[in-house]
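Student: I have a model open in my viewer and would like to learn how to read it. Could you take me through it feature by feature?

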Amino acid sequence: MYKNLVETINNVTTFQNISEERKNTLQPLIDFVQQKVINRQEININFICTHNSRRSHLSQVWAQVASAHYAILNVHCYSGGTEETALFPKVAETLNHQGFNIFKIADTNNPVYAIKYSDNSLPIIGFSKKYDSPFNPVSAFAAIMTCSQADGGCPFIAGAEKRIPITFEDPKISDNTPGQTNAYAERSLQIATEMFYVFSKISQ
């Protein structure tokens, strides 16, 4: 992995800031991944938020990197929304600052980004889409609800084997304020910490 990304990872893998309450929130995802590992099955995780623009992308990216870091095989992370918008540019900027190599592969109203964590690994493809987009899995996946609005507004996720609410505060509240950069960095690091905690608990 890239040097700057490794430094970020080293700073988030102490897990000291995760409360017991939050660990309980994360436990169903740990259980889902662990059972798939035991059964030697593919592990498909779809992170879902309303607009698929911020928290769901951060969760998808950090979960994929965490699985690679801990060498958990056959993990495929996705993201989607209850509606399609665009990946918010500050998310890409934040991930770039934290060590990823990011470039646009399609510059449209809904840009498509290649998000790389190492030179020789497949990039994570980031763009906004509905949770049931053909790009995403249609069955045997965990649906992780990263915002309470999507969790409440989507009582049923077709094809989901398990539905798990793991909600995060929206960094959007900081948009157009002097604290925006710090807010996005903090949310990204919180999500990174929690996703690395999840995969650190998986036994092979």
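Tutor: We'll go through the sheets, the helices on them, an aromatic pair and the pockets.

Student: What should I know before I start?

Tutor: This is a predicted model, so local features need pLDDT of at least 70 and side-chain atom pairs count only at pLDDT 80 or more, while totals for chains, interfaces and linings use all residues. Residues are numbered from 1 along each chain as its sequence is written, and side-chain values use heavy atoms, with hydrogens and water left out.

Student: How do I read a sheet, and which strand order does the one with parallel pairing have?

Tutor: Start with the naming: helices (H or I, at least four residues) and strands (E, at least two) are DSSP runs, numbered from the N terminus. Two strands pair if DSSP finds at least two bridges between them. Here, an open sheet of four strands runs β2-β1-β6-β7 with parallel pairing. Its edge strands, β2 and β7 (160-165), each pair on one side only. For a look inside, take β1 (residues 43-49) and β6 (residues 141-145): five bridges join them. One residue to click on is F47, whose bridge partner in β6 is I144.

Student: And which strands make up the sheet with antiparallel pairing?

Tutor: That one is an open sheet of three strands, in the order β3-β4-β5. β3 (101-106) and β5 are the edge strands, each pairing on one side only. β4 (residues 112-116) is joined to β5 by three bridges, and I115 has I124 in β5 as its bridge partner.

Student: Which helices pack on this sheet, and at what angles?

Tutor: Two ideas first. Contact means heavy atoms within 4.5 Å. Axes are lines fitted to C-alpha atoms, for helices over the stretch in contact, and angles run from 0 to 180 degrees between N-to-C directions. In this case α3 packs on the sheet by touching β4 and β5, with its direction at about 180° to that of β5. Helix α4 (residues 89-97) touches β3 and β4, and its direction makes about 145° with that of β3. Now go back to the parallel sheet: α3 also lies across β1 and β2, running at about 180° to β2.

Student: How is an aromatic pair described?

Tutor: A pair of aromatic rings is described by the distance of the centres and the angle of the planes. The rule takes rings of Phe, Tyr and Trp (its six-membered ring) with centres within 6.5 Å; planes under 30 degrees apart are stacked, over 60 edge-to-face, and the rest tilted. By this rule the count is six aromatic pairs. One of them is Y70 with F196, edge-to-face at 6.0 Å centre to centre and 65° between the planes. This pair links distant parts of the chain: Y70 sits in the loop between α3 and β2, and F196 in helix α6, 126 residues apart.

Student: What does A185 touch?

Tutor: A185, which is found in helix α6, touches T94 and Q98, leaving aside residues up to four places away in sequence. The C-alpha atoms of A185 and Q98 are separated by 8.2 Å, although their positions lie 87 residues apart along the chain.

Student: Last topic: what lines the largest pocket?

Tutor: On a 1 Å grid over the protein atoms alone, a pocket is an open set of points where a 1.4 Å probe fits, with protein on both sides within 12 Å along at least five of seven lines; lining residues have an atom within 4 Å of a point. The largest pocket is lined by 17 residues, with Q64, V75, H76, C77 and L122 nearest its centre. α3 (55-69), β2 (75-81) and β5 (124-126) each supply at least two residues of that lining.
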